[in-house]
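Trainee: I am new to this structure and would like a close look at a single part of it, the strands and how they pair. Please begin with the chain as a whole.

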Amino acid sequence: RKMPSWEPIPGYTFLCQWFRDAQNSRDCSWNIITTVWETRGIKAFGGGGTNNMVIRVEHSGIREESKNFEKEINSIPNRVYKRQFTGQPYEFFASTVIISCWHKKLIGQTLIGQVQLGVMDIFLSPDHMIPMQWFPIVDPSGDLPSEPLGFLKLNCIINTLDEHGAVQRKAPDEVADWEIS
């Protein structure tokens, strides 16, 4: 695969080249650590105004799901999802981490909504971390793609295998609901 000819974010080409030079053009490895702490106000798709909710974190086609939270619209899953990516920098930095909520039915699942975080955005944040905060979930293919269908309290950290990992400085329950960073 070739490096894209476009530069989605200023510095993208420089950052990719820096990693390629540092690794002598070999594949690089990164950890993506996503903590989903709490859900709130999730739109109900099931009977009784609740969901049989599953939280899924996905990156580059690899996904991991939570347990099924039965009859919930608010929950505290407190789940850490860890994914290691090995590949070329241009592929990694142009990718997205997708955190989604699903309503599980007897046969199949229905998307409630999702949050999409750009890997480059996370990596360029201080300590390569989006700190614990509330994110609205939306259905990008819905009639109103910007309408919040609930909220997820989460953080996401990216680090290389050669560097120490960033840590969330405050416990998730110490982050006020109104606090952005």
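Mentor: About 9900 Å² of the chain is exposed, and 52% of that comes from carbon and sulfur atoms. The model is a predicted one. Of the 181 residues in the chain, 44% are buried. Taking contacts between residues at least 6 apart in sequence, 63% join residues at least 24 apart.

The chain contains 9 strands and 3 helices. Read from the N terminus, the order of elements is α-β-β-β-β-β-α-β-β-α-β-β.

Now the pairing. Strands of a sheet pair through backbone hydrogen bonds, either parallel or antiparallel. One open sheet is formed by 4 strands, in the order E5-E1-E9-E8, with antiparallel pairing. Its edges are strand E5 (79-87) and strand E8 (129-136), each of which pairs on one side only. From one strand to the next, the twist averages 20°.

At the E8 edge, the partner is strand E9 (residues 151-160), and 6 bridges link E8 and E9 in the antiparallel sense. Within this pair, Ile130 lies opposite Cys156 in E9.

Strands E6 and E7 make a hairpin, with 4 residues between the strands. Strand E6 covers residues 96-104 and strand E7 covers residues 109-118; they run antiparallel and are joined by 9 bridges. One residue to locate here is Ile98, whose bridge partner in E7 is Gln116. Another is Gly108, which has a positive phi near 90° in this hairpin.

Key. Residues numbered from 1 in each chain as written. Predicted model: local features only at pLDDT ≥ 70, side-chain atom pairs only at ≥ 80, totals over all residues. Heavy atoms only, no water. Pairing = 2+ DSSP bridges. Helix = DSSP H or I, 4+ residues; strand = E, 2+ residues; numbered from the N terminus. Axes fitted to C-alpha atoms, helices over the stretch in contact; angles between N-to-C directions. Buried < 20%, exposed > 50% of the residue type's maximum accessible area, 1.4 Å probe, protein only. Contact = heavy atoms within 4.5 Å. Areas by Shrake-Rupley, 256 points an atom, 1.4 Å probe, with all protein chains shown as cover.
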